[in-house]
Amino acid sequence: MKILLDHNLDWRLKRLLPDHDVRSTKEMGWERLTNGQLLSQAEVHFDVMLTVDRNIRHQQNLAGQNIAIIVLIAANNTRNTLAPLFSEVERLLPTVTAGQFYDVSLS
């Protein structure tokens, strides 16, 4: 599966999904794109975007989009805080559907 790490995620988190093609917005040259622009670009190249932006579901309409968004819910966006969520992300990935939002948290 092709996965994009949003601006707010440490690129090293991609190592936690070794069976997938994971890229960061910086690697793609998209670090300056706003959410709407980013989604337009991402849906052409990726199946899923990972983010910690809890407001994205209120800012973006995924209806008809060819990408799913997984929102990582944690106290902060540091690699050590987010790493424990990636086993749940891995479990969720085979079930995601384009045009949908998903939340992943420890609770």
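These are my notes from looking through one predicted protein model.

**Ground rules.** I number residues from 1 along each chain as its sequence is written. The model is predicted, so local features need pLDDT of at least 70, side-chain atom pairs count only at pLDDT 80 or more, and totals for chains, interfaces and linings use all residues, while side-chain values use heavy atoms, with hydrogens and water left out.

**Confidence.** I checked pLDDT, the predictor's confidence in each residue, from 0 to 100. The mean for the protein is 94, and 100% of its residues reach 70 or more. Helix 3 (residues 56–59) has the lowest confidence, at a mean of 86, and strand 1 (residues 2–5) the highest, at 98.

**Layout.** I found five helices and five strands; these are DSSP runs numbered from the N terminus, helices being H or I with at least four residues and strands E with at least two. From the N terminus on, the order reads β-β-α-α-β-α-β-α-α-β.

**The sheet.** Which order do the strands take? I read 2-1-3-4-5, an open sheet of five strands with parallel pairing. (Two strands pair if DSSP finds at least two bridges between them.) Strand 2 and strand 5 stand at the edges with a single partner strand each, so one side of each has no neighbour in the sheet.

I then zoomed in on strand 1. It pairs with strand 2 in the parallel sense over four bridges, and I3 has V22 as its bridge partner there. With strand 3, strand 1 pairs in the parallel sense over three bridges, and L4 is matched with M49.

**Strand 2 up close.** Which side chains here are buried? V22 and S24 point to one face and are buried, while D21 and R23 point to the other and are not. Buried means under 20% relative accessible area, exposed over 50%, and partly exposed in between (1.4 Å probe, protein chains only). I noted that 41% of the 107 residues count as buried.

**The core.** A nonpolar core is a set of buried Ala, Val, Leu, Ile, Met, Phe, Trp, Tyr and Cys residues joined through side-chain atoms within 4.5 Å. The largest one has 21 residues, and L50, I70 and L72 touch the most other members. Strand 1, strand 3 (48–51), strand 4 (68–73), helix 5 (86–92) and strand 5 (101–105) each supply at least two residues of this core. Apart from it I found another core, of 13 residues, including W30 and F101.

I followed L50 further: not counting residues up to four places away in sequence, L50 touches I3, I70 and F86, among others. Contact here means heavy atoms within 4.5 Å.
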